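Some labels used for a protein model rest on cut-offs, and a newcomer may wish to see how a value leads to a label. Please look at the sequence and the structure first.

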Amino acid sequence: MIRLQLKLSLLMLSTMAAMPGQAEADLAGFWQHESEPVWIEMQPETGHGVMVRNDNRPDRRGFLVVTSLEASNDRNKWSAQVFAARLGEYRKAEIALSADDRMVFTLKVGFMRRSVEWRRVLEVPTAPNDA
């Protein structure tokens with residue numbers, strides 16, 4: 001019984017110790033915009049988030065939505081420069097994982113804050129024009 005408790009304790013400690021190093025892996029992957037037909041691929045190892053599909057603007061494929069991505073002390077938060085389409089420029093933003101499958105960009109513009117939510121997807125579906 002004591003051996004089992006010791007093994008379980010060691011397993012829990014090793015899992016907890018591995019968590020901070022997995023922050024990049026948690027952010028990496030494909031994400032779909034909350035309300036627009038837009039998908040991006042977050043690439044923490046390069047510090048970028050790249051648009052991989054945009055049904056409204058197919059010419060934007062390959063566009064860097066996120067640059068200068070840097071991890072913070074909180075394993076679920078990053079800072080970055082995010083392209084604000086309405087302003088036509090990059091703005092400082094906070095990126096946070098609100099859940100395993102939810103990512104939120106929060107941009108500050110003057111006294112206003114704007115948040116955009118993204119949902120994790122395993123793959124980017126084929127665009128209607130590509131089928």
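What follows is a set of questions and answers on salt bridges and exposure in this predicted model.

Q: How many salt bridges does the structure hold?
A: The structure holds 5 salt bridges, among them the pair formed by Asp-55 and Arg-53.

Q: Why is the contact between the side chains of Asp-55 and Arg-53 called a salt bridge?
A: The N to O distance for Asp-55 and Arg-53 is 2.7 Å, and the label asks for a nitrogen of Lys or Arg within 4 Å of a carboxyl oxygen of Asp or Glu, so the pair qualifies.

Q: What makes Arg-53 count as buried or exposed?
A: Arg-53 has a relative accessibility of 9%, and buried means under 20%, so Arg-53 counts as buried. Its partner Asp-55, with a relative accessible area of 30%, is partly exposed, because that value lies between the cut-offs of 20% and 50%.

Q: How do you know that Arg-57 and Asp-59 meet in a salt bridge?
A: Their side chains come to 3.0 Å, N to O, and the limit is 4 Å, so the contact counts.

Q: Why is Asp-59 called exposed?
A: The relative accessible area of Asp-59 is 57%, and exposed means over 50%, so the label applies. Arg-57, at 37%, is partly exposed.

Q: What makes the pair of Arg-91 and Glu-89 a salt bridge?
A: The N to O distance is 2.8 Å, which is within 4 Å and therefore meets the definition. Arg-91 at 24% and Glu-89 at 35% each count as partly exposed.

Notes. Residues are numbered from 1 along each chain as its sequence is written. This is a predicted model: local features need pLDDT of at least 70, side-chain atom pairs count only at pLDDT 80 or more; totals for chains, interfaces and linings use all residues. Side-chain values use heavy atoms; hydrogens and water are left out. Buried means under 20% relative accessible area, exposed over 50%, partly exposed in between (1.4 Å probe, protein chains only).
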